[in-house]
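Here are my notes for someone opening this structure for the first time. Have the view open while you read, and take the points in order.

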Amino acid sequence: MYSLKGKRVWVAGHRGMVGQAIARRLEREECTVLTVARSELDLTRQAEVEDWMAQQRPQAVFVAAAKVGGIYANDSLPATFLYDNLAIEQNIIEGARRAEVEKLLLLGSSCIYPRDASQPMVEEALLTGPLESTNQWYAIAKISGIMLCRAYRRQYGSDFISAMPTNVYGPGDNFHPEYSHVPAALLRRFHEAKNAGAESVTVWGTGRPMREFLYVDDLADACVFLMENYSEEHHINVGTGRDISIGEFAATIREIVGFPGEIVFDTSRPDGTPRKLLDVSALCSLGWSAQTSLRSGLEAYYEWFLKNHGQLRGN
Ligand code: GDP
């Protein structure tokens with residue numbers, strides 16, 4: 001058990017959806033949250049990161065900083081997804097060793113698993129087969145991050161862990177029409193179609209792929225839980241253990257937004273991985289499970305969107 005109470009805790013990537021949620025969740029932990037603006041610290045520059053960490057002396061670090069994006073972004077910006085993510089991870093991890101950080105949690109994603117991994121995907125499925133090509137760049141960077149945490153634990157005894165969440169949505173998401181993930185893209189598209197009185201909304205692919213969706217505040221809660229209760233070399237999955245087809249997911253969003261029109265599938269767009277459901281039994285056996293149902297999470301998501309629409313990133 002590692003207590004965050006009274007600690008200096010750096011949330012790297014505090015402007016992103018996950019980092020914001022972790023910072024919100026840490027308000028209940030009686031710790032000092034450290035953050036730094038992108039304009040003051042470029043996480044891809046090693047010397048800057050090491051200097052900043054040496055000065056600030058964080059005791060615990062959540063690595064929520066990453067170049068992220070949906071299926072199209074990943075596929076069309078391969079160098080950015082690979083280079084930026086590798087650089088961010090290695091700079092923060094090595095910086096943490098030098099600054100004698102007590103505990104570090106690295107966040108990744110369920111796309112680290114082989115495209116054809118058997119479902120639900122257990123942690124041991126890592127590196128047992130070829131990756132899905134649309135997100136291989138991001139996946140390779142995140143697999144390297146997991147390996148860095150393991151290697152630092154073995155060689156230096158660093159208490160660095162990694163958590164692999166499933167697809168996440170919630171307040172602070174990026175609503176870019178092309179580069180976002182499916183929840184943000186569809187929420188925005190249905191909302192705009194409703195306002196415009198459009199007859200239909202287009203959903204990419206066949207609607208048949210299966211995805212698991214986790215509300216970001218649940219993920220933040222899991223991260224704090226793991227920081228305090230998990231200290232193993234193996235990465236650990238974070239999800240709900242339930243999935244839904246993209247077609248059904250789109251229909252649920254249509255209902256929440258109140259769009260009366262049709263859903264049209266654009267099969268010229270890629271489906272990506274056919275299914276990626278996480279096996280969350282390791283996390284459950286530690287005593288944590290997700291509390292937000294998909295329905296209530298999506299309702300809160302839409303409410304947040306309506307309040308913040310107009311000042312959103314990606315507009
Ligand atoms: P993935 O889980 O890494 O494939 O990432 P995404 O969230 O980008 O896509 C999930 C699934 O939703 C894929 O099968 C996409 O083809 C499908 N999808 C349907 N409509 C959209 C959309 O408008 N944007 C995105 N990003 N994906 C969509």
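**Notes on sheets, rings and a cavity**

1. Let's start with a small open sheet: 3 strands, in the order 11-8-13, with mixed pairing. Strand 11 (244-245) and strand 13 (275-276) are the edge strands, and each has a single partner strand, so one side of each has no neighbour in the sheet. Bear in mind throughout that this is a predicted model.

2. Now look at how strand 8 meets strand 11. Strand 8 (residues 210-211) pairs with strand 11 in the antiparallel sense, over 2 bridges. If you want one contact to click on, Arg211 has Ile244 in strand 11 as its bridge partner.

3. Next, go to strand 3 (residues 60-63). Are its faces covered or open? Both are covered. Ala60 and Phe62 on one side are buried, and so are Val61 and Val63 on the other.

4. Strand 3 also has partners worth tracing. Strand 1 (residues 8-12) pairs with strand 3 in the parallel sense over 4 bridges, and Val11 stands opposite Phe62. Strand 4 (residues 103-107) pairs with strand 3 too, in the parallel sense and over 4 bridges. There, Val61 has Leu104 of strand 4 as its bridge partner. As background, strands of a sheet pair through backbone hydrogen bonds, either parallel or antiparallel.

5. On to the aromatic rings. How many aromatic pairs does a search of the whole structure find? The count is 13. One to look up is Tyr72 with Tyr179: the ring centres are 5.6 Å apart and the planes are at 20°, so this pair counts as stacked. Tyr72 belongs to helix 3 (residues 71-76), while Tyr179 is in the loop between strand 6 (167-169) and helix 6 (182-196), so the pair ties together parts 107 residues apart in sequence. Both rings belong to partly exposed residues, with a relative accessible area of 35% for Tyr72 and 30% for Tyr179.

6. A further pair to inspect is Phe175 with Trp304. Their ring centres lie 6.3 Å apart with the planes at 20°, so this pair is stacked. The pair links distant parts of the chain, 129 residues apart: Phe175 is in the loop between strand 6 and helix 6, and Trp304 is in helix 10 (residues 294-308). Phe175 is buried, at 0% relative accessibility, whereas Trp304 is partly exposed, with a relative accessible area of 21%.

7. Don't stop at that pair, though. Phe175 and Trp304 belong to a cluster linked by ring pairs, together with Tyr169, Tyr215, Tyr301, Tyr302 and Phe305.

8. Charges turn up over rings as well. The charged end of Arg269 sits over the ring of Tyr72, 5.7 Å from its centre; this is the Tyr72 that stacks with Tyr179. Elsewhere, the charged end of Arg97 sits over the ring of Tyr156, 4.5 Å from the ring centre.

9. Last, the inside space. The structure holds 1 cavity of 30 Å³ or more, and the largest cavity has a volume of about 50 Å³. Which residues line the largest cavity? They are Ser110, Cys111, Tyr113, Pro114, Arg115, Met121, Glu132, Asn135, Thr273 and Lys276. By class, the lining has 4 nonpolar, 3 polar and 3 charged residues.

Definitions and conventions
Residues are numbered from 1 along each chain as its sequence is written. This is a predicted model: local features need pLDDT of at least 70, side-chain atom pairs count only at pLDDT 80 or more; totals for chains, interfaces and linings use all residues. Side-chain values use heavy atoms; hydrogens and water are left out. On a 1 Å grid over the protein atoms alone, a cavity is a set of points where a 1.4 Å probe fits but cannot get out, and a pocket is an open set with protein on both sides within 12 Å along at least five of seven lines; lining residues have an atom within 4 Å of a point. Grid points are joined across faces, edges and corners, and a volume is the space filled by probe spheres set on the points. Ala, Val, Leu, Ile, Met, Phe, Trp, Tyr, Cys and Pro count as nonpolar, Asp, Glu, Lys and Arg as charged, and the others, Gly among them, as polar. Rings of Phe, Tyr and Trp (its six-membered ring) pair if their centres lie within 6.5 Å; planes under 30 degrees apart count as stacked, over 60 as edge-to-face and the rest as tilted. Buried means under 20% relative accessible area, exposed over 50%, partly exposed in between (1.4 Å probe, protein chains only). A charge sits over a ring if NZ of Lys or CZ of Arg is within 6 Å of the ring centre and within 35 degrees of the ring normal. Two strands pair if DSSP finds at least two bridges between them.
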